[in-house]
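Biologist: I should be grateful for a close look at a single part of this model, namely the strand pairing and the nonpolar core to which the strands contribute. Please treat it as one connected account.

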Amino acid sequence: MITRPLFTIPDAPKGETVTITFEGQPMVVPDGISVAAALLAGGARDFRSSVVGQAPRAPYCMMGVCFECLVEIDGVPARQSCLMPVRNGMQIKRQIGAPELDDLNVGDHHE
Ligand code: FES
């Protein structure tokens, strides 16, 4: 069952734009908005697959609470796309299941 996002942007606002890539497809999106908003505005509805059952998931809260918006950004998995502002050249991929702990650099704080 696909989670339907509560928020969509029907028309991109005027102004500066940046180019991001989602699943290898370039998208020109408004500068200054979140990755989640940009992907939704570009028509994306499948941001990740759930850990159990691999069901497609999409943003729900748009405020950092539900974690349904996780994506891989520039090779770093499990980023909350609703909290990340777009940046020109960002490479974004769907988050497939749970990331490996090594990919998150968890506990790697040695100087
Ligand atoms: S949409 Fe809920 S945490 Fe990002």
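Modeller: Strand 5 and strand 7 pair in the antiparallel sense, over 3 bridges, in what is a predicted model. Within this pair, I73 has I92 of strand 7 as its bridge partner. I92 is also the bridge partner of F22, and this belongs to the pairing of strand 1 with strand 7 (residues 91-96), which is parallel and has 2 bridges.

Strand 5 is joined as well to strand 6 (residues 76-80), by 3 bridges in an antiparallel arrangement. Here L70 stands opposite Q80. The hairpin of strand 5 and strand 6 has 2 residues between the strands, and D74 takes a positive phi near 50° in it.

A further hairpin is that of strand 1 and strand 2, again with 2 residues between the strands; in it E23 adopts a positive phi near 55°. These two strands run antiparallel and share 6 bridges, and I20 is partnered by M27 of strand 2.

I20 and I92 lead on to the interior. Both are among the residues with the most contacts inside the largest nonpolar core, a set of 23 residues, together with V35, L39 and F47. At least two residues of this core come from each of strand 1 (17-22), strand 2 (25-30), helix 1 (35-41) and strand 5 (70-73). Helix 1 provides the largest share, 6 residues. As for F47, its contacts beyond four places in sequence include A36, L39 and L40, as well as C69, L70 and V71. In soluble globular proteins, nonpolar side chains tend to be buried together.

Terms used. Residues are numbered from 1 along each chain as its sequence is written. This is a predicted model: local features need pLDDT of at least 70, side-chain atom pairs count only at pLDDT 80 or more; totals for chains, interfaces and linings use all residues. Side-chain values use heavy atoms; hydrogens and water are left out. A nonpolar core is a set of buried Ala, Val, Leu, Ile, Met, Phe, Trp, Tyr and Cys residues joined through side-chain atoms within 4.5 Å. Buried means under 20% relative accessible area, exposed over 50%, partly exposed in between (1.4 Å probe, protein chains only). Helices (H or I, at least four residues) and strands (E, at least two) are DSSP runs, numbered from the N terminus. Contact means heavy atoms within 4.5 Å. Two strands pair if DSSP finds at least two bridges between them.
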